[in-house]
Amino acid sequence: MFDHASSFRALLENAGRPLVGAHRGASADYPENTSAAFAAAAAQGADFWEIDVRLSADGVPVVIHDATVERTTRGRGAVARMTATMLEGLGVPALATVLAMGAGRTLFNVELKADGGGDDLAAAVMSVIGALRLTDKVLVSSFDHGMLPRVKALSP
């Protein structure tokens, strides 16, 4: 079994087997991108967790796929118009919370959901990753190809 204390690069180079990723946590068993889904992903031995991230109204990176909360919570409205505290009350965790849950146990694919723009999102996400000292444990990805140069410019 892979030693999760190693870096993402080591996992890719030395696994010698297919890698198991938990897409939005163990989303087949628990609501996606929730603390419960990530706890289950850890228990199931996922090599890495795929985490979707957006910015709250107060600039906190939060873990949610959609731009609005209707599909995955009991709330209504745009993520970008709600504070992190409001979102937490709906079951949407902060990125820092999820990364801390898995630190030392797994690796992470953090997918940035910018919907245009994104300088603030890239800076906030890289700040959280750096503060938790997880730089070599995280792969940052985005379908918004403009985000990747921003992340590289902020990465050590």
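This note walks through an aromatic cluster, a helix with its packing partners, and one buried loop residue.

1. **Status of the model.** The structure is a predicted model. Read each point below with that in mind.

2. **Aromatic pairs.** Searching the whole structure turns up two aromatic pairs. One of them joins W49 and F108. Their ring centres are 5.6 Å apart and their planes stand at 85°, so this pair is edge-to-face. The partners come from distant parts of the chain. W49 belongs to strand 2 (residues 48-55), and F108 belongs to strand 4 (residues 107-112). In sequence, 59 residues separate them.

3. **Burial of that pair.** Are W49 and F108 buried or exposed? W49 has a relative accessible area of 0%, so W49 is buried. F108 is also at 0% relative accessibility and counts as buried. The cluster takes in F38 too: F38, W49 and F108 form one aromatic cluster.

4. **Helix 5, its length and its end.** Helix 5 covers residues 119-131, 13 residues in total. From first C-alpha to last it reaches 18 Å. That is close to the 18 Å expected at 1.5 Å a residue. After the helix comes R133, which has a positive phi, near 55°.

5. **Helix 5, its buried residues.** Which residues of helix 5 are buried? They are L121, A122, A124, V125, M126, V128 and I129. These residues pack against several elements. The strands are strand 2, strand 3 (61-63), strand 4 and strand 5 (138-141). The helices are helix 4 (95-102) and helix 6 (147-154). Strand 2 and strand 4 hold W49 and F108 of the aromatic pair.

6. **Helix 4 against helix 5.** The two axes come within 10 Å and cross at roughly 30°. The crossing is right-handed. Helix 4 contributes L95, A96 and L99 to the contact. Helix 5 contributes V125, V128 and I129. By class, the contact has six nonpolar residues, no polar ones and no charged ones. V125, V128 and I129 also appear among the buried residues of helix 5.

7. **E32 in its loop.** Where does E32 lie? E32 sits in the loop between strand 1 (21-23) and helix 2 (35-43). Its relative accessible area is 18%, and buried means under 20%, so E32 counts as buried. What does E32 touch, leaving aside its neighbours within four places in sequence? The contacts are R24, S27, H65, R71 and T72.

Methods. Residues are numbered from 1 along each chain as its sequence is written. This is a predicted model: local features need pLDDT of at least 70, side-chain atom pairs count only at pLDDT 80 or more; totals for chains, interfaces and linings use all residues. Side-chain values use heavy atoms; hydrogens and water are left out. Rings of Phe, Tyr and Trp (its six-membered ring) pair if their centres lie within 6.5 Å; planes under 30 degrees apart count as stacked, over 60 as edge-to-face and the rest as tilted. Helices (H or I, at least four residues) and strands (E, at least two) are DSSP runs, numbered from the N terminus. Buried means under 20% relative accessible area, exposed over 50%, partly exposed in between (1.4 Å probe, protein chains only). The expected span of a helix is 1.5 Å times one less than its number of residues. Contact means heavy atoms within 4.5 Å. Axes are lines fitted to C-alpha atoms, for helices over the stretch in contact, and angles run from 0 to 180 degrees between N-to-C directions. A crossing is left-handed if the near helix is turned anticlockwise from the far one by less than a right angle, and right-handed if clockwise. Ala, Val, Leu, Ile, Met, Phe, Trp, Tyr, Cys and Pro count as nonpolar, Asp, Glu, Lys and Arg as charged, and the others, Gly among them, as polar.
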